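Colleague: I'm new to this one, could you put it up on the screen and walk me through it?
Modeller: Gladly, here it is.

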Amino acid sequence: MDTRKRKRMLSNRESARRSRQRKQKHLDDLMAQVRQLTTENHQILTSMNMTSQVYLNIEAENSILRAQMAELGQRLESLNEIVNYLNSSTNGLFETQQDHGTQTHDDDSLMQPWSSIYLNHAAIMPSADVFIGRAHGQKEM
């Protein structure tokens, strides 16, 4: 009976030892998982902070660009009003060649410095050579 009792006691001890080992391994696995998740959490938070900062920077830049766009739109509108006023008040002194042809004047011509409005100015303004030639008695070519 003693040997049986002793054998059972040894078996129980061995079983308890295995149970403690399993518990310890499970605890070690859980601790490793906690470390891994903590590291991932830190990386995600860092990434979120960086992304938030980039977003705020872009949002600030976007606000500046919107303000600049509004200002430039107002300037363009003012310039268009000035051009329309000059065209209407000077009876076409600044008319474009398009006004004389089949096409009508539109706002796109203001965006093209080579448009006919500038070419008309060049045609109106005589070159200095004309004045110098006339002063010296030469004929115009």
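Colleague: Let me start with a single residue: is Arg17 buried, exposed or partly exposed?
Modeller: Arg17 counts as partly exposed, at 34% relative accessibility; buried here means under 20% relative accessible area and exposed means over 50%, with partly exposed in between, using a 1.4 Å probe and protein chains only. Before we go on, please keep in mind that this is a predicted model, in which local features need pLDDT of at least 70 and side-chain atom pairs count only at pLDDT 80 or more, while totals for chains, interfaces and linings use all residues. Residues are numbered from 1 along each chain as its sequence is written, and side-chain values use heavy atoms, with hydrogens and water left out.

Colleague: Okay, and which side chain does Arg17 meet in a salt bridge?
Modeller: Arg17 meets the side chain of Glu14, at 2.2 Å from N to O; a salt bridge is a side-chain nitrogen of Lys or Arg within 4 Å of a carboxyl oxygen of Asp or Glu.

Colleague: Why are those two separated by about one helical turn?
Modeller: Because Arg17 and Glu14 are three residues apart in helix H1, which covers residues 2–89. Helices are DSSP runs of H or I with at least four residues, strands are runs of E with at least two, and both are numbered from the N terminus.

Colleague: What else does Glu14 form a salt bridge with?
Modeller: Glu14 also forms one with Arg18, where the closest N and O atoms are 3.9 Å apart, and these two residues are four apart in helix H1, so about one helical turn separates them. Glu14, Arg17 and Arg18 are thus linked in a network of salt bridges. As for accessibility, Glu14 is partly exposed at 30%, and Arg18 is partly exposed at 40%.

Colleague: How many salt bridges does the structure hold?
Modeller: The structure holds four, and one of them joins Arg75 to Glu71, with the closest N and O atoms 2.8 Å apart. Arg75 and Glu71 both lie in helix H1, four residues apart, about one turn of the helix, and Glu71 is partly exposed, with a relative accessible area of 38%.

Colleague: Changing topic, how many helices and strands are in the protein chain?
Modeller: There are four helices and zero strands, so the order from the N terminus on is α-α-α-α.

Colleague: And what share of the residues count as buried?
Modeller: Of the 141 residues of the protein chain, 8% count as buried.
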